[in-house]
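Subject: Structure for you to look at

Hello,

Here is the structure I said I would pass on. My notes on what was found in it follow below.

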Amino acid sequence: MRSPLALSNSFTDAPWWIDVYRRAFPKLASAVPVRQDGWAQHGGIDRVLTLECGRTYTVDEKVRMEDWPDILLERWSDEARRIAASSIRLMRR
């Protein structure tokens, strides 16, 4: 069985990530994977999303191996204490 990190890394280039992010952020301009083992990766940042307006979001991607009908995006109001400000649940098509 693969480690969660190895599993996550194996899906970094999966084409469906962009589709998922475009559903949540229709004005997505770019979605850049963070591959280098540096401060961002150690901080849980797997991808940086940039919207057309210039706003950026950092994303910690989690891949579930069970077949779930949804994709959950959470926005933290207090990341250190893991307090969610809001969440978006997208149903798969």
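Read from the N terminus, the elements of the chain come in the order α-α-β-α-β-β-β-β. That makes 3 helices and 5 strands. Please keep in mind that this is a predicted model.

Some totals to begin with. The chain has 93 residues, and 27% of them count as buried. Its accessible surface comes to about 7000 Å², with 54% of that belonging to carbon and sulfur atoms. Among contacts with a separation of 6 or more, 27% are between residues 24 or more positions apart.

Next, the core. The largest nonpolar core has 11 residues: Ala14, Trp17, Tyr21, Ala24, Phe25, Leu28, Ala31, Leu49, Leu51, Val59 and Leu73. Helix H2, strand S1 (28-33) and strand S2 each give two or more residues to this core. H2 gives the most, with 3 residues. Phe25 is one of the core residues, and leaving aside residues up to four places away in sequence, Phe25 touches Leu49, Leu51, Tyr57 and Leu73.

The aromatic residues come next. There are 4 aromatic pairs in the count. One of them joins Trp16 and Trp17, which form a tilted pair at 4.6 Å centre to centre, with 40 degrees between the planes. Trp17 also pairs with Tyr21, and this pair is stacked, at 5.8 Å centre to centre and 15 degrees between the planes. Trp17 and Tyr21 are both in helix H2 (residues 16-24), where they sit 4 residues apart, about one turn of the helix. Together with Phe11, the residues Trp16, Trp17 and Tyr21 form one aromatic cluster.

How buried or exposed are these rings' residues? Trp17 counts as buried because its relative accessibility is 8%, and buried means under 20%. Tyr21 is also buried, with a relative accessible area of 2%. Trp16 has 37% relative accessibility and therefore counts as partly exposed.

Now the strands. S1 and S2 pair in the antiparallel sense over 5 bridges. Leu28 stands opposite Leu51 in S2, and both leucines belong to the nonpolar core listed above. S2 also pairs with strand S3 (residues 56-59), again in the antiparallel sense, over 4 bridges. Val48 has Thr58 in S3 as its bridge partner. S2 and S3 make a hairpin with 4 residues between them, and Gly54 in the turn has a positive phi of about 100 degrees.

The side chains alternate along S2. Arg47, Leu49 and Leu51 point to one face and are buried, whereas Val48 and Thr50 point to the other face and are not buried. Of the residues on the buried face, Leu49 and Leu51 are listed in the core, and both are touched by Phe25.

One last residue is Asp46, in the loop between helix H3 (39-42) and strand S2 (47-51). Which atom of Glu61 lies 2.8 Å from a polar atom of the side chain of Asp46? The backbone nitrogen of Glu61 does. Asp46 has a relative accessible area of 15% and therefore counts as buried.

If you open the model, I would start with the core and then look at the aromatic cluster and the hairpin.

Regards

Note on methods:
Residues are numbered from 1 along each chain as its sequence is written. This is a predicted model: local features need pLDDT of at least 70, side-chain atom pairs count only at pLDDT 80 or more; totals for chains, interfaces and linings use all residues. Side-chain values use heavy atoms; hydrogens and water are left out. Rings of Phe, Tyr and Trp (its six-membered ring) pair if their centres lie within 6.5 Å; planes under 30 degrees apart count as stacked, over 60 as edge-to-face and the rest as tilted. Buried means under 20% relative accessible area, exposed over 50%, partly exposed in between (1.4 Å probe, protein chains only). Contact means heavy atoms within 4.5 Å. Accessible areas come from the Shrake-Rupley method with a 1.4 Å probe; for residues, only the protein chains shown count as cover. A polar contact is a pair of N or O atoms within 3.5 Å; within protein, one must be able to donate a hydrogen and the other to accept it, and residues adjacent in sequence count only if both atoms are side-chain atoms. A nonpolar core is a set of buried Ala, Val, Leu, Ile, Met, Phe, Trp, Tyr and Cys residues joined through side-chain atoms within 4.5 Å. Two strands pair if DSSP finds at least two bridges between them.
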